[in-house]
Structures are given as C-alpha cells and as structure tokens.
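Q: I'd like to learn how to read the features of a structure like this one. Can you walk me through it?

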Amino acid sequence: MDDFDARGHLQRPDKWYLGAGDRLTWTPPHPQWLDTPGFWDEAHYYDLSLAPVFTVTLLTADGTALPLRTTGRDWKPDRLRQNYDVPETPLHVTEHRTAHANDVLASTFSVENAGDADCPVCLVAWTLQPSATPDAPGPLTDLTAEDGQLRFVRPLQSEDRPTHDVGCALGLSRPLAARSVVPSESGPDQPRWAYTPFYETAGSDTLGPAPTLADLDASVVYLGLQANLTVAPDDPETVSVAFGVARDATQAGTQVTDVLANDPPVRSAVFWDDYFDDLPSFECSDPYLQRYYWHRWYGLELFTRRHPEGHYQHPAVYEGPEYFRKHVTYSAQCHMLETRWQSDPAVAQGSLLNFLDHQHPDGDLTGHLYPHDADEESFYHTNWGHIWPVHRIHPDGDFLQHAYDGLSKYVDYFDAERDPDDSGLYDIWNHYETGQEYMNRYQAVSDEADEIHWGRIFRLKGVDAAVQLYQTKKALTRMADALDRPAKAEQWRARAATTKTAVLDHMWDPEAELFFDVDPETGERTEVKAAVCFYPYFTDIVDERHLPGLKEHLFDPTEFWTEHPVPASSADDPYFSDVPHWKGQRKNCPWNGRVWPMTNSHVAEAICQAALRFDDDALRQRGAEFIRRFVYMMFDDGDPERPNCFEHYNPSTGQPCRYRGIDDYQHSWVVDLLIKYAAGIRPGDETVTIDPFPFDVAHLAIDEVPVRDVSLGVTRTDDRYAVRVDGERVDEQPLGTSVTLSL
C-alpha cells in the first residue's frame, strides 16, 4: 500500500470537521454558516467555545459587496474545499479551509477570472468579537496592530469554570490596503457585510477608521483587514487569511505568520500524509472495514493534544468535540488500546500519566482533567489494566515503574473507600461515575438514582466496577513481576483472586445464567440485565459452565441481539427504550436501551476472548459477525463512504443521536479490534500470536504493525494467510490455524 492515499480515501462531500490536534479545532456540532467563507461557526480552544472566528467579503473597487453563491463542497482530513460563483461577474472563487497543529485556522482563496478584462477586487477579512456584554466574561484587551495583523486578548469561559485569557491574531498573506477596528454598542452575531460598520465606509483606499490601539470597552468590536487584488483573465489571484490562538497575542501572531508563509493547504496536506504514513497500513475487500480503520485513525489525531501546558504535560486524546475536548478517565482506557499501535507510545502512555500527575492523596483519580484545573467532583470507574497491553507492544521500565506506583495507590483507594464490607466487590455511588447514566440497574437500589448526579447517592456493587478492578489487579501482578518484585506480585495475585471469587460467589446467578450487580444492603443480586453483565467474559473469571449463559442471553433477539446489537440495557427491561427517552423525556446520554460504541467495544472483547479461551468456533464466527455489524452501524444511511461515530444509536434502526451533534466521539475502540481479530495480531508477554478470525472478506492486508523491536504484517486471501516479520514472509497457514512468534 505504498501509494495508498488515506486523505483521498476519506474524501466526502458532507463533512466539515477540521483540526490537527492540540488546542484549537473547528468542529461546530450544529453549524449555521457553512456556506459562508471562513470560520464563522464556533471553534474550540480546548473545550472553550470561541465564536465567531472570521469571515471574508469580496468587494468591488467602489465598496459594493459581491455575493458568493456556494456551488460545491468536499472534505478531506486536511481541508474543506468550497467553490463559489459570483453572480453577474466572470469570477469564480475556490476556498480551502485548513486547521493547523500550531493552533491556527486558515482560509486560502483562489479568485479566477473567466472574462476578457482585468477585475479589481477588494478582499476583506473581518470578525466580530464580543466584549463587555452580559454573555462575555470580560472585555477585549491589549489590541495591537503590527506586522500586517490585528492582535488582541479575549477571555473565554465555559459554564462555572475559571476564565481563561487567550491571545488572538488575524492576518493576511498579502500586503494590507487598510485595517480597521470599530467598537460598537451592538451588532448581530451574523456574517453579513451590511451589518458591519465597514459597510458604509469601505472602498479601494480605506476600510474605515484606523485602529484604536487601546483596551476596548464596548458591547462588540469589529476588526477588519483589507487587501486589493487585480484578477487578470486566466491568471488567478491567491490570498490566505489566518486566525491564530495562543496563550498570548504575540505568540498567536507568530503562529499566524508561520502558517501564512508556508502555503496553508500544502502544509496541512503534508501534516496529514506524514501522520497516516506512520501508521500500520490496512486494506480490505470489505469497504466498510477499510474505511472505518482509516476514519478512526483520523478521529484520534483530530483530538490528540501533544504540546505540554498546565495539567497536560503528556500527549493524550480528548474524548471528542466541543464539551468533550478534555481528558476523561473513562475514555482514556480506549485511547490506550488504540494508540498503542502507533510507533511512538507517548500518547498511549500519556493517557494515564496526565491523571497520575494529579492523583489525589488517597489514590483517587479525577474523572475530568482540564488544562489548568480539574473537576474534583467527577470520577469514573475505568479499566486501567489496559496498561499491560501497551507494555506488551512498547516495553518501558520507567513508565511501568511510574504507572505501578500510581495504580497501586488507586487500587488501595478502592479497597479503603469503595469496599467497606471487605467483600472484594466495589461500590458505585452515583449513575454518572460509570459513564452510564439513566439505567434500571441503579433504580434497583434507589428510586432517586436518576435525580441526583455526582456524590454519594446510593451504593451498588457493579459488575463493571468489579471487572475493571480485577483487570487492574491482574495488570499490577504482571507489572510487579516485570519490576522484579515477587512478594508484591504474590500480594496482587491474592488480591485479584479475592475479587474473582467474589464475582463468582455473589454476582453469578446459576439459575438465570448471568452475572448481576449486587445490592450491598441486602447482599442480593439485582437481576437487572445490562450489557455490563457480559464484562466478566473478557477475563479469566469465567469457565466453561458460564458459556451457555453468554450465548443464551447475548444472542437472544428479545434481550440483546437486536437488529443493531447490543443495547446497553436488555430489550425486555421495563425501562427499555430504543429512542433516547428516559421516563418520557429525551436525554443527552440515556443508557436504558441505546447502542453505545463504548459498550460494543467491551462486548466484542467478551465474545472474542471467550472464543479464544474455550476454543469455540461458533463464538469465533459470532465475534467476527458482531464486529462487522458494529462497524457497519456507524455509517450514515449505510453509505460506505460516510463513516461516523456518535455517542449512541437506535438498536432497531441504527440511527445515531444527530440531535447531539457529537460525531467522531473517541469513546470506544475499533482499530484495536480490527488488528487483534480481523488481522489476528495478538501480542502476549513473550510471544505474539497470529490468528485471524473468520471475517467474511476475500482479502485483507496489514503491514508495519509495531510489536517491540519488529514490524509485523499479515496478508489474508480467501481462506489462507501469510505472516511477515520486518517485510520477510515467515509463514503461511490456512485460516483457523495459528502462528506463534517468539519476541
């Protein structure tokens, strides 16, 4: 796949998200102004909304605005291209919007003239910035005009979190004909030229009043930059506009200068090509699997933050767009599994390290970590045992030591605070901290469980909490062995065994043949069927006697095997709803019947790991089928060229929660499933097993998969597959026969 173009492979006409990781991105959930040049819909600096950014207006020499009519749009990860006609003129405009890793948004305009005579045109890049209004956390300050730019400081705020001052800069790639700043008592937040104060003053020689280089105390402030172009026939004029954001205005200006000096569309394309080229290559005869593999890698990079700042001293992945542009423990477990397949383990390791840097004295880890503060109330149950799969691919003694110390304290916190009964099982205190709110499993122990959010609201011994702690204890056992601490390893082995025994003794119902949450007040199982009841199946807690229960419940269409499996709550639950309603009200994040990619990632592991542990060919078929159905669900209208990842889906129709507007949500793992089960590459402690599952594909090939010091590749054609190590073929086998390589 040396000539494979991942950017081109993901091209589509209906997407608009732009970003290159780090602080600034443009992912407006419900854009209103896509047809308008520039970036008027909101951008986000971390999770803080910044709107508007800027727009562009074309004028005749006498200052008359030229209407731009959108005639086409297409998207790739590196750019959003938009075409415009200019009615009653020979002009045609092409815009390339790009987002850059140094926190700059840019629009590059190519103005073409199909006529017979030169066309003089004024291009004005302008913005409206809120200042001293009830909705603004403070006025614009530190306005400067230098180096052909306008720079200022703007305060941003999200809900009740502290105000964050950011420096902003607006610049053009061409010499300026004019620039202007006009404070205004009011102004509609719309990119309409006639609403600006420039409307009555603009022309070829002036944009209006000269800048007022002082602090600005007004409701809104208009800022504009003007360049004059002469567009000759068959000789397009190109001009770029850039808006940068940084911790101070001077740095923002430097970033804008850097982008404008390096052809923004080319710069963005090179960035994304370099990123995709460094990933394991993947091709498949199933267009859905192939497209989704590359789409998921795109989403991970879109939300990866690399440069250190404040609480974020290590690279990691935000959970998603808008409000979700922060580090969250619940999704970090997913990011560790996905990004471990990169050649550099920094993001996978940083997904844990940022939280350990701010670990509470009692060992607890905050659920939401922001760049300069944390939500101390929040907490999520998380499977930190995923550290061991990271270590299997990228052994690192220093990282392992640091992680071992922090996670040891974390488990001690659970034993001290979340298991007052010394039962080996662990308390859930509210319906938020599982990441799975609005479910019958909590109503089973408290009628008011859905009315109050964070805090100690109830006690429930959760199957998911127990499994996650068991996995973390198992990882700590292996870590202690690797760090040559045999006594500690034995202690962790015993502590893991305590939880395993407790799950089997108290959560397994031999009559119902299912694991259930436990009410610690009564010691009784709740008998509420939820997808988390299958979580023990991706561990060694289960044995052969538990397999019938997995098959009976999971694959029953009246319970979990819906048209688009699996719902988070069983279809026969009294609170079940396939639409996102809880007690008659539509909710943002209901778990009483919706299909959540996060849950499906866990269930895929349950099926596939059970198939491997018990050498069950029927489960191998089911595992391949389930992953395929899981991936197929995440495409707009079943179109193989339009992948998505929303928070949750309808189990009957597969329709996503479009009302939320949260696409490319990094709250699950898919790349990891495709590499481990479709390609069959599963690293162990001392060996790596190659054993593809029976996916219904004629061809599949993956290459340059990093595992320790080697690069692995697998090519499957029909019912046979070949294995490569560092590019050399070392074995070929029929499907169903495994290959084991020593590391």
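A: Sure, and let's start with a term: two strands count as paired if DSSP finds at least two bridges between them. Keep in mind that this is a predicted model.

Q: How many bridges pair β7 with β8, and in which sense?
A: Strands of a sheet pair through backbone hydrogen bonds, either parallel or antiparallel. Here β7 (residues 69-76) and β8 are antiparallel, with 7 bridges between them. To get the register, look across the pair: arginine 81 in β8 is the residue opposite aspartate 74. The link from β7 to β8 is a hairpin of 2 residues.

Q: What about β8 and β9, how many residues lie between them?
A: That hairpin has 5 residues between its strands. The pairing of β8 with β9 is antiparallel over 6 bridges, and tyrosine 84 faces valine 93 of β9.

Q: Which residue in that turn has a positive phi?
A: Look at glutamate 88, where phi is near 65°, a positive value in a residue other than glycine. Glutamate 88 sits in the loop between β8 (79-85) and β9 (91-100).

Q: How do I read a whole sheet, and what is the strand order in the one that contains β1?
A: Walk across it from strand to strand. The order is β1-β2-β3-β4, an open sheet of 4 strands with antiparallel pairing. Its edges are β1 (18-19) and β4 (48-50), each of which pairs on one side only. Between β1 and β2 (residues 24-26) there are 2 bridges, again antiparallel, and glycine 19 is opposite threonine 25 of β2.

Q: Why is one side of β21 and of β23 left without a neighbour in the sheet?
A: First, the layout: this is an open, antiparallel sheet of 3 strands, ordered β21-β22-β23. β21 (327-328) and β23 (374-375) are its edge strands and have a single partner strand each, so one side of each has no neighbour in the sheet. β21 runs antiparallel to β22 (residues 368-369), joined by 2 bridges. Across that pair, histidine 327 is opposite leucine 369 of β22.

Q: Where are the cis peptide bonds joining alanine 51 to proline 52 and proline 565 to valine 566?
A: Check omega, then place the residue. For alanine 51 and proline 52, omega is about -10°, and proline 52 belongs to the loop between β4 and β5 (55-59). For proline 565 and valine 566, omega is about -5°; valine 566 is in the loop between α12 (547-554) and β30 (581-582).

Q: On to helices: at what angle do α13 and α14 pack?
A: About 165°, with the axes of α13 (residues 597-613) and α14 (residues 617-633) 8 Å apart. An angle over 145 degrees counts as roughly antiparallel, so α13 and α14 are roughly antiparallel to each other. Their crossing is left-handed. Residues making the contact include Val603, Ile607 and Leu612 of α13, and Leu619, Phe626 and Phe630 of α14. By class, the contact residues of the two helices are 13 nonpolar, 3 polar and 2 charged.

Q: Which domain does UniProt list for residues 334-668?
A: The unreviewed UniProt entry gives "domain: Mannosylglycerate hydrolase MGH1-like glycoside hydrolase" for residues 334-668. In the model, that stretch is 40% helix and 6% strand. Its end C-alpha atoms are 5 Å apart.

How values were computed:
Residues numbered from 1 in each chain as written. Predicted model: local features only at pLDDT ≥ 70, side-chain atom pairs only at ≥ 80, totals over all residues. Heavy atoms only, no water. Axes fitted to C-alpha atoms, helices over the stretch in contact; angles between N-to-C directions. Parallel < 35°, antiparallel > 145°, perpendicular 65-115°, else oblique. Left-handed = near helix turned anticlockwise from the far one by under 90°. Contact = heavy atoms within 4.5 Å. Nonpolar A, V, L, I, M, F, W, Y, C, P; charged D, E, K, R; others polar. UniProt positions renumbered as here; feature names shortened; annotations may be inferred.
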